[in-house]
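Got your viewer open? Let's take a short walk through this model, one selection at a time.

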Amino acid sequence: MFRIAVLVWIMLATTLAGIALLVVVTVPELNADATRLIPMACGAAVVLAAPISYIIAWRISAARTA
């Protein structure tokens, strides 16, 4: 299950970091401080993707065995 979680995490972390980047760049209030907020938003997205990918991998493994 760990291999599945890592593969899901790679895709999910990239997607969430891209979404976070777009939010920072497109919201004018956040864009004013983008130099500081972009690394923070992308880092938070990568960390957030870890437990989500574990849950997805667990559900994939459960569906395969059932």
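Start with everything selected: the protein has a radius of gyration of 15 Å, while a compact globule of 66 residues would have one near 11 Å. That radius is taken over C-alpha atoms, and the globule rule is 2.2 Å times the number of residues to the power 0.38. Turn the C-alpha trace around and you'll find that it spans about 50 × 15 × 15 Å along its principal axes.

A word on what you're looking at: this is a predicted model, where local features need pLDDT of at least 70, side-chain atom pairs count only at pLDDT 80 or more, and totals for chains, interfaces and linings use all residues. Residues are numbered from 1 along each chain as its sequence is written, and side-chain values use heavy atoms, with hydrogens and water left out.

Now switch to cartoon view. You'll see three helices and zero strands, running α-α-α from the N terminus on. (Both kinds of element are DSSP runs numbered from the N terminus: helices are H or I with at least four residues, strands are E with at least two.)

Next, select Ser-53, in helix H3 (residues 34-65). Is Ser-53 buried or exposed? Ser-53 is buried, because its relative accessible area is 3%; buried means under 20%, exposed over 50%, and partly exposed in between, with a 1.4 Å probe and protein chains only. Show what's around Ser-53: leaving aside neighbours within four places in sequence, Ser-53 is in contact (heavy atoms within 4.5 Å) with Ala-5, Val-8, Trp-9 and Leu-12.

Stay in helix H3 and pick Ser-61. Ser-61 counts as buried because its relative accessibility is 17%. With neighbours within four places in sequence set aside again, the contacts of Ser-61 are Met-1 and Ile-4.

Hop over to Trp-9, in helix H1 (residues 2-26). You've met Trp-9 already as a contact of Ser-53. Trp-9 counts as partly exposed, because its relative accessibility is 33%.

Keep Trp-9 selected and add Phe-2, Val-6, Leu-7, Ile-10 and Met-11: together they form a nonpolar patch on the surface, with about 630 Å² of accessible area. (Patches are made of residues with over 30% relative accessible area and no salt bridge, with nonpolar side chains joined within 5 Å and like charges within 9 Å; a salt bridge is a side-chain nitrogen of Lys or Arg within 4 Å of a carboxyl oxygen of Asp or Glu. Areas come from the Shrake-Rupley method with a 1.4 Å probe, and for residues only the protein chains shown count as cover.)

Last stop: select everything again. Buried residues make up 24% of the 66.
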